[in-house]
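Please open the model in a viewer and keep the selection tool at hand. The tour proceeds by selections, beginning with strands and continuing with charged side chains.

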Amino acid sequence: TTLMMKGPRASCEGFLTFRTSPYSPPPMVRHYCLLIGTCFYYYRYACRWRVVKSHRDGSTQEDAEHMMRVKGEVDVIGVQDWDGKGNMHIYTHGFLFATAQNKVFYAYADSAMDKEKWHRAIQMNIETNVPVLTATLHSSPSSCSSDGAVLLSPASSVVELDMQLKCLRCQPSADDPAAIAAAAALTKFKCSSCDATYCDRHSQHKLPLPHRSYYSAMRICDDCYHAQSFVNYIKAIKQRLDSGICVYPRPLNPDAPIELIMPMGPSHTEATNIAIDLFKQGAITAEEFEVLLLADKRYLDHTVEQPEIPLDIKILGLHREFRSPTFTVFRAIILLHQNLESDPLVFKPIVEKLVQFSFTKINEVEFFWPQLVHAYLNVPTFEFEKLFWMDDLILSICARSIHLALLLIWQLRGAVEDAADPQSPIKTQSTYARVVRLIVEIEVRIVGSARSDVLTSKRILPTMTDEQFHLAGRILDAITEYRHQAEQQHTAVDDVKFSDYSCFQQHLLGSIVATSSPGLSTPTPVKSVSDWIKRSDSFPLPSGGHTTPPLPTTGPPLRRKTSICDADLTVLSTYYNDECDFVQQITDIAEKLRFVPITERKPMLAKHLETFQLPRMAYIPLVKATDPFEQIVRLPYNEGTAFSTKARVPILLVFEVIRGVGSSLNLLSPTTTTSSTTTTTSGSTKPLAGGAAVAAPSSSSTGAVNPPVVYDDDDDEVRHMINRESLDKNETLADATPSTPSIVDTDLLMGSDEEDSIDTHDGCEAESVGFDQAMELSHMSMSEEVMEREKTRKRDLEAAFGESWASKRERMKGLSPNGHVPGWDIVSMIGKSNDDMRQEVFTLQLIQKFMDIFKAANLPIWLKVYRIIATSSSTGIIETLVNAISLDGLKKRDGYVSLLHHFEKSYGPPDSPRFIQAQTQYIQSMAGYSLVSYFLQIKDRHNGNIMLDNEGHIIHIDYGFLLGIAPGGSFSIETAPFKLTTEMVECMGGPDSDGFKEYVTLCTRGFLALQQNCDDLCDLVEVMAHQSPFPCFFQKDTAAILSRFRGRFKVSLSKHEVVSHMLYLIRKSHGNYSTNQYDNFQRITNGIRP
């Protein structure tokens, strides 16, 4: 099959100099202009003639490239030559064109060729298109004269009003006379769109309003500007569809044949024509076809004259890479970003591959959700076909999981707020309308909300005027009609979007029971989306109760639902709105408490929680797409706490949830398997409350189990270089019991004055597995002396870490009216406001990649990843960490001497198994965070941002400063590669101990493993650095940041040189003077113990 190549973004575009009279005044003004059909747009001009012409041109052209700051808009109805005669000048290359707005534009082009281009384009579009008289179709009665003629725009775009009038946005307090006087002194203006009064600060934008007969830019308020920007964007899409500049593409189909251009022309040799015929007939594969094309040198010699030839080869190369068994979701994401500006023929197969991955590897696709959103924001403005394909991908995924739709909406809200900020770069501001359009599409097509409700919802768009509302509705209807036509022409697999609805949101959309026969064998793995749909169609739906069906690989697949009914949409809409309201209430409370005196925050929090409206369908959102669904049934308001901080008030809340069979927000993968119980690493099974089960976490993510350390042959060389024999530890901890996200002891957290002493943890982590089990002594046969010693140790642990999560669960279960319900449990999370947590989300992605690399290298290096959801650019929710305390909080406890003393007091003598186990886990986590801190240059490492859990792991939190930014900027005193104090080394056993040598070994081997994956890590940083709002990238030299990041991997060094470099980094960090100085600075300024 064939497709159109990358087309133009307008019927004609370029610079023109014009005025609306043959004689001056007015003067001739140079604009960048676009002709779309018969609609003529011109953009702003430079304000100062002394500005260099190239700079003026660059400014106005940039506006046109991003559809920003339109100066005027008219409809062209005729064109003819003009002799160019003015009062004092004769303008060469002149022509004039008449408009439907009773104006004639006298223009001249830069060259005769440009003049001919514009003349032909206008003439051809007039002949093939009927001019759209926007003013006549959508004008208000006030904009027309008594005889129905459309009135011209007023001479001035500014209507200045009496200063005594009040601005609708400025609401100074009645108790503040100074603020009232300042507000009254501001100049007031009348918005040309809504006719309301606003001050200068809230009405700085200008846009043409053709629906009100204002064809030149008029001053409007901020709300009307954003609403009109959305209207202009969707109108631009419709105009390009109407004029044929772009077409609405067919829906994505991962199983469709490879789409090439394959032109038949004289440049083809006989061998090439034979190869093309064989490929079309299916006689040779894409790989064989690619080899034949590359082998034909005469064919390749014509690539200069026919650039589509290497494009074909590139497309074939992409498909060859797709079929590689090592091709991953990560690689697809990187290719997507690298080809944002490539030809659509190259872009489309990458998006289709991601659609395929969304069926088979949904958790990986969800992991890269921020990268998908970032790619959507960075698609070039006029590449609408690519945006339509991205819409198809995103909506396909969201249609199969309302949870993922919610995660997307929260990310998009942050993007909307960035774009609405007038201080943002013009490229960022230009994304406002496309993001709003995607939100509207999700809420209408996935959630089932009425479009009128969405467009008038202030949480997405500012209030629209009636004229803007009706105009937007008509344009969206027209675009929807184009989409329906494209879908009707689509002959590939139908209803891919809803193909596995019955397996994804079955507990939401009706009662479905899966039946499986004992004698059934495991079916053949699903190889394609269409295969998955066909197999699903071949089995009837059973009838019965409300249970979770098995996955397709463990029994007969369920029949798919080929459509979504109104009742289903109502259920999804309820879940969506309830969860939005639930999270909004949490972040709103955190924001309100910011303005409450510190001493009154905790009592005020209790009052807010007493009136908390818990939605009926609210659930814990800090889960993956395939995690069990935890419905919230109760909020014990006396268990919440607010943290006294300077800039923000994080609140920690504990919720009672019901978890169990039949309540799962699973987005199931056709190749995943489940059973009623799950085998842990030791071979036993651990059923969850209510009958569900989860696998015990792996050591790479939780550290609950330490696998045997297996060294390869190269490790002998490393051990020899650092003069140390490796310690092969085959010991493992006891089996882990499944746990929910846990709460940090309130009193311990209050020990630090910094809000970042709050930490979070991975929701799938088992709690305190090694030590909590040892605390349960009733079933053990021990002497009284041993039991007394264990009880003493338990008291010491509780003194350091507070009430254990198991104890809290039992206490709350006895007090809860729902404690008897199967599947009952408690979950906690933190709500934050006035903090952009998107950079932390990205940092945790990088740390997860580090963990994956260490796991692949079979290294026992431990790191922690916890879940954060940034619900906007300034709010979010965080998972809490189980049984952990900041080093600052620990040091403030009575009786604290040193870390080593704490370990001896908590875990026994240095030669005891528990102490050795805790110390080993401490060393493994220290090695992990030393490498992370070095490569990512994580700063602000005071003891309020470093946690210690009750298993001995060190955990770093708060990633607000990394990749070159630090407290104090260029004057930062944190110059050490990572934090490694004398006290930390002492806890390993001292610089001459085996424990410290093990730390050096792990750091060196981890460095070598990361060095081998330098390209992948650099690619991930690079794609997010482009046009990023993150503080570490925003308005920074990203090329220099990436160069320094790559340089830290030392890829040119040999293994021996890497060992020497790692030893140098450790020596430089150990007891570093700047680290001690920064700790002393934090002690003086914030009271954080060094």
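In which sense do strands S4 and S5 pair, and over how many bridges? The model on display is a predicted one. Select residues 70–81, which form strand S4, together with S5: the two pair in the antiparallel sense, and 5 bridges connect them.

**Strand S5 and its neighbours**

Restrict the selection to residues 94–99, the extent of strand S5. Of its 6 residues, 5 are buried, so the strand is mostly covered by the under 20% relative accessible area cut-off. Next, add residues 104–108, which make up strand S6. S5 and S6 run antiparallel and are joined by 5 bridges.

Phe-97 is a useful residue on which to centre the view. Towards S4, Phe-97 of S5 is the bridge partner of Val-79. Towards S6, the bridge partner of Phe-97 is Phe-105.

Then move to the hairpin of S5 and S6, where 4 residues lie between the strands. Select Asn-102 in this hairpin: its phi is positive, near 65°.

**From strand S4 to helix H5**

Return to S4 and display the side chains of Glu-73 and Lys-235. They meet in a salt bridge, with an N to O distance of 2.8 Å. Glu-73 belongs to strand S4 and Lys-235 to helix H5 (residues 222–243), so this contact ties together parts that are 162 residues apart in sequence. Are these two residues buried or exposed? Both Glu-73 and Lys-235 are buried.

**Helices H14 and H17**

Now select Asp-391 and Arg-437. Their side chains form a salt bridge at 2.7 Å, N to O. Asp-391 is located in helix H14 (residues 384–398) and Arg-437 in helix H17 (residues 432–446); the pair therefore ties together parts that are 46 residues apart in sequence. Asp-391 and Arg-437 are both buried.

Remain on H17 and select Glu-441 with Arg-445. These residues form a salt bridge whose closest N and O atoms are 2.9 Å apart. Because Arg-445 and Glu-441 are 4 residues apart in helix H17, about one helical turn separates them. Both of these residues are buried as well.

**A network of charged residues**

For the last selection, display Glu-630, Arg-659, Arg-809 and Asp-825. Salt bridges that share partners join these four residues into one network. To place this stop and the preceding pairs in context, the count of salt bridges in the model comes to 30.

How values were computed
Residues are numbered from 1 along each chain as its sequence is written. This is a predicted model: local features need pLDDT of at least 70, side-chain atom pairs count only at pLDDT 80 or more; totals for chains, interfaces and linings use all residues. Side-chain values use heavy atoms; hydrogens and water are left out. Buried means under 20% relative accessible area, exposed over 50%, partly exposed in between (1.4 Å probe, protein chains only). Two strands pair if DSSP finds at least two bridges between them.
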